[in-house]
Amino acid sequence: MEFSGRLRKKLRLACDQKNACYPHSLQFYLQPPSENISLIEFENLAIDRVKLLKAVENLGVSYVKGTEQYQNKLEAEIRKLKFSYRENLEDEYEPRRRDHISHFILRLAYCQSEDLRRWFIQQEMDLLRFRFNILPKDKIQNFLKDSHLHFEAISDEEKTLREQEIIASSPSLNGVKWESESVYKIPFADALDLFRGRRVYLEDGFAYVPLKDIVAIILNEFRANLSKALALTARSLPTVQSDERLQPLLNHLSHSYTGQDYSTQRNAGKISLDQIDSLSTKSFPPCMRQLHKALRDNHHLRHGGRMQYGLFLKGIGLTLEQALQFWKQEFIKGKMDPDKFDKGYSYNIRHSFGKEGKRTDYTPFSCMKIILTNPPSQGDYHGCPFRHSDPELLKQKLQAFKISPTGISQILDLVKGTHYQVACQKYFEMTHNVDDCGFSLNHPNQFFLESQRLLTGGKDIKKESSQPETPQPKPSVQKTRDAASALASLNSSLETELEGLEDYFTLED
């Protein structure tokens, strides 16, 4: 009996020590893992983490983040992949360990370029937001302390003293029960975004931030820390890449799972220049539709617009010869001398097709790149209309696109909540008369291909001169696939692609 008591005590101590390594279901990943793992486990953890982040991405553009449906779907995906997500669950050491190690593995794969870093940071931020939103209130202060965030919840007396000022300054408190809401005293410099939006109460150099708003500050801190960490990881990457066992796996991960880049032109040469006007009204996303209209109206686009629209046209099938002809014809209509075009603009077009300079074959811009980089200034037409347009101007554009008043209201509500890709998906559904588009939109060229697939019944685009445009009968398409089946399709395709990894890599323990 004495022996069994000692054994139980040893097991309990060992369990407590393990739990101390990962006190929470979420973390800032401030310390890298130090244990040894086999290459097989290294590979499996990396693949599972990518599956998780792809699920985060697809659910984020299929549902409004933070809604009950979004939360439930994402929780199911995390549970299926055996990662941590909730506090107070039994046997949480292994899921939290998997979460910790897999995050650092993907840092190695996704630090290699700006686009990869941007994608990785965005998905990790969304994952952290989800976990924080379901973190019990009594665990928040310890999490902040463990993450080196010196944010203290104020006392009930302090809260009562400043009740009127805080409620008047914080729109997020509308409809919230004040007595149950925690308020945090934060240095003013950490709450600049809330201050710019006039959404926080300031006093003596401190911001008094309700719990509902503190997640934005936490995410900003997380983004800054992770961005810096990825830059440092990129510097040390040559050392890791010298290991012949790891380099193929890291390269394969970074190239295979950030979504299709639409650089391969399966339809190259299948679209004629005469079709572009018709296609722009039927199958172009709003960002490309406005660029095409601006080009036709002004016979010119600035560099940002030429890059965004030119690479999109390349992705839908325009050849280099067609692109040169298309841009030259339009610019000459704007009274540009043909010789000036040949000397000043044709080089850039050939360069984008990989025929000049470093011979880089540039890929069309994704939604994330358009939304997050190179915002348009006055006189520009590139960017995302849902992200970069004034609400009243966006409303006018949607009216010109024949969107119903109810539809416009739904889209503007999504834009107000910063759900730009979901708003574009809603635009797709309304212009194609489907209840659910059945895919997660993350690329303008994906919008075009899905539109053509719907309008042509899955047939290849035929190269022919466009006839005078007639009203298109709305396709009799039932609700195609809901987002859950789209996600299942994603997982299925990932599983298929991953089946060959064991043959692709020769990994030994």
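**Exercise 1. Classify D99 as buried or exposed in this predicted model, then find its charged partner**.

Solution.
- Step 1. Take the relative accessibility of D99, which is 2%.
- Step 2. Apply the cut-off: buried means under 20% relative accessible area. D99 therefore counts as buried.
- Step 3. Look for the partner. The D99 side chain meets that of R49 in a salt bridge, with 2.5 Å from N to O.
- Step 4. Place the two residues. R49 sits in helix 2 (residues 39-60) and D99 in helix 4 (residues 93-110). They are 50 residues apart, so the pair links distant parts of the chain.
- Step 5. Check R49. Its relative accessibility is 0%, so R49 counts as buried.

**Exercise 2. State which elements the K65 and D126 salt bridge links, and classify each residue**.

Solution.
- Step 1. Confirm the contact: the side chains of K65 and D126 form a salt bridge at 3.0 Å, N to O.
- Step 2. Locate the ends. K65 lies in the loop between helix 2 and helix 3 (68-80), while D126 belongs to helix 5 (residues 114-133). The separation is 61 residues.
- Step 3. Classify K65. At 27% relative accessibility, K65 is partly exposed.
- Step 4. Classify D126. At 3%, D126 is buried.

**Exercise 3. Repeat the analysis for D361 and K314**.

Solution.
- Step 1. The closest N and O atoms of D361 and K314 are 2.4 Å apart, in a salt bridge.
- Step 2. D361 is in the loop between helix 17 (346-352) and helix 18 (367-372). K314 is in helix 14 (residues 303-316), and 47 residues separate the pair.
- Step 3. D361 has 42% relative accessibility and counts as partly exposed. K314, with a relative accessible area of 2%, is buried.
- Step 4. Now look for shared partners. Salt bridges join E35, E41, E94 and R97 into one network.
- Step 5. Set these examples in context: the whole structure holds 31 salt bridges.

**Exercise 4. Work out the strand order of the sheet, and find which helix lies across strand 2 and strand 4**.

Solution.
- Step 1. Read the order. The open sheet has 4 strands, arranged 1-2-4-3 with antiparallel pairing.
- Step 2. Find the edges. Strand 1 (152-153) and strand 3 (201-203) each pair on one side only.
- Step 3. Inspect one pairing. Strand 1 and strand 2 (residues 183-187) run antiparallel and are joined by 2 bridges. E152 stands opposite K185 in strand 2.
- Step 4. Add the helix. Helix 10 (residues 211-241) lies across strand 2 and strand 4 (206-210). Helix 10 runs at about 115 degrees to strand 4.

Conventions:
Residues are numbered from 1 along each chain as its sequence is written. This is a predicted model: local features need pLDDT of at least 70, side-chain atom pairs count only at pLDDT 80 or more; totals for chains, interfaces and linings use all residues. Side-chain values use heavy atoms; hydrogens and water are left out. A salt bridge is a side-chain nitrogen of Lys or Arg within 4 Å of a carboxyl oxygen of Asp or Glu. Buried means under 20% relative accessible area, exposed over 50%, partly exposed in between (1.4 Å probe, protein chains only). Two strands pair if DSSP finds at least two bridges between them. Contact means heavy atoms within 4.5 Å. Axes are lines fitted to C-alpha atoms, for helices over the stretch in contact, and angles run from 0 to 180 degrees between N-to-C directions.
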